[in-house]
Amino acid sequence: MPMKVGIEPTTSCNLRCPECPSGLRSFTRPTGMLTEELSQKMLDQLSDELIFLLLYFQGEPYLNPHFLKMAAYATSKGIYTATSTNGHYLSPQKAKETIESGLSEVIVSVDGTTQETYKSYRVGGNLEKVKKGIQNLVAAREEAGTLYPFIIIQFLVVRPNQHQVEDMKVLGHELGVDKVVFKTAQIYDFEDGSDLIPTIEKYSRYKKDKNGKYQIKNPLHNQCWKLWHGAEITWDGKVLPCCFDKDAQYEMGNLQEKDFREIWRSEPYEAFRSRLLQSRGEIDICTNCSEGTKVFE
């Protein structure tokens with residue numbers, strides 16, 4: 001059984017980020033909200049052996065009205081429970097409820113230190129509102145006298161914001177977060193280059209070959225821990241092999257129809273694992289995967 005699972009509270013999002021299916025409204029799979037009943041069913045099947053739960057896959061978790069109840073249920077099962085948010089819904093009351101939910105970790109995406117830079121990727125976003133939300137979360141945690149949630153700023157490095165990497169370290173310290181993480185960006189159509197690919201080589205997942213085309217740095221060896229240690233579950237119960245299957249092309253089964261353990265040990269899942277061990281480079285969701293490359297922080 002997996003040690004880590006991602007569960008999707010919703011595919012909905014308030015922003016329109018240019019390299020995100022939620023932001024682009026480009027899913028071919030159905031969009032919607034995870035119900036509290038289905039989330040509890042998932043966790044009841046997983047909790048005995050689950051160590052880490054990420055209540056996020058696509059979308060903005062705080063748009064699901066039951067999101068913090070889901071988090072509280074997971075933490076009541078003794079699971080380290082994290083989420084990732086764009087930070088626009090962390091009002092003082094919501095920050096207080098977040099602390100009370102028992103969430104272990106909150107990642108807030110902040111991709112710029114000025115509004116002009118921030119909105120170039122986080123289209124439709126308001127940096128000042130996000131900064132205030134982080135302050136609300138830090139203040140609520142201090143008032144509660146707890147160490148959790150661990151508060152992380154995640155900075156997705158793209159060409160328009162790469163000049164603000166050092167500024168983000170300063171801003172993170174000023175806001176009182178526990179850590180600032182710099183993440184490389186996935187670009188969907190990268191072969192001919194993109195205005196989003198950083199020119200600072202260490203922050204790019206891609207490199208230019210001798211023909212002037214771009215390719216991913218990942219050598220795509222026929223191995224991947226995720227297929228044996230983790231899984232993703234969509235808002236409507238689809239079990240997916242990994243977080244790069246954003247459009248649920250490789251559905252292994254649905255928790256509205258079968259138990260997780262049955263799906264995890266099923267013939268389709270084992271066949272997919274076998275295929276990866278033989279020819280990972282021929283699986284389309286693997287060809288733009290950063291797993292196996294170094295993560296820069």
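Two strands pair if DSSP finds at least two bridges between them. The exercises below apply this and related criteria to a predicted model.

**Exercise 1. Determine in which sense strand E1 pairs with its partners, and which residues stand opposite glycine 6.**

Solution.
1. Strand E1 covers residues 4-7 and pairs with E2 in the parallel sense, over 3 bridges.
2. In E2, leucine 54 stands opposite glycine 6.
3. E1 is also joined to strand E9 (residues 230-233) by 4 bridges, and these two strands run parallel.
4. In E9, the residue opposite glycine 6 is glutamate 232.

**Exercise 2. Classify the aromatic pair of phenylalanine 52 and tyrosine 80, and state which strands hold the two residues.**

Solution.
1. A pair of aromatic rings is described by the distance of the centres and the angle of the planes.
2. A search of the whole structure yields 8 aromatic pairs. One of them joins phenylalanine 52 and tyrosine 80, with 5.5 Å centre to centre and 20° between the planes.
3. Planes under 30 degrees apart count as stacked, and the pair of phenylalanine 52 and tyrosine 80 is stacked.
4. Phenylalanine 52 belongs to strand E2 (residues 52-54) and tyrosine 80 to strand E3 (residues 80-85), so the pair ties together parts that are 28 residues apart in sequence.
5. Phenylalanine 52 is partly exposed, at 23% relative accessible area. Tyrosine 80 is likewise partly exposed, at 29%.

**Exercise 3. Decide whether phenylalanine 190 and tyrosine 206 are buried or exposed, and describe the arrangement of their rings.**

Solution.
1. The ring centres of phenylalanine 190 and tyrosine 206 are 4.6 Å apart and the planes lie at 25°, so this pair is stacked.
2. The pair links distant parts of the chain, 16 residues apart: phenylalanine 190 is in the loop between strand E6 (179-184) and strand E7 (206-208), while tyrosine 206 is in strand E7.
3. Buried means under 20% relative accessible area. Phenylalanine 190, with 7%, is therefore buried, and tyrosine 206, with 4%, is buried as well.

**Exercise 4. Identify the rings over which the charged ends of arginine 29 and arginine 273 sit.**

Solution.
1. The charged end of arginine 29 sits over the ring of phenylalanine 27, 4.6 Å from the ring centre.
2. For arginine 273, the ring is that of tryptophan 264, whose centre is 4.5 Å from the charged end.

**Exercise 5. Describe the surroundings of serine 39.**

Solution.
1. Serine 39 is part of helix H2 (residues 36-46).
2. Its relative accessible area is 3%, so serine 39 is buried.
3. Leaving aside residues up to four places away in sequence, serine 39 touches Leu34 and Met70.

Terms used: Residues numbered from 1 in each chain as written. Predicted model: local features only at pLDDT ≥ 70, side-chain atom pairs only at ≥ 80, totals over all residues. Heavy atoms only, no water. Phe/Tyr/Trp six-rings, centres within 6.5 Å; stacked < 30°, edge-to-face > 60°. Buried < 20%, exposed > 50% of the residue type's maximum accessible area, 1.4 Å probe, protein only. Lys NZ or Arg CZ within 6 Å of the ring centre and 35° of its normal. Contact = heavy atoms within 4.5 Å.
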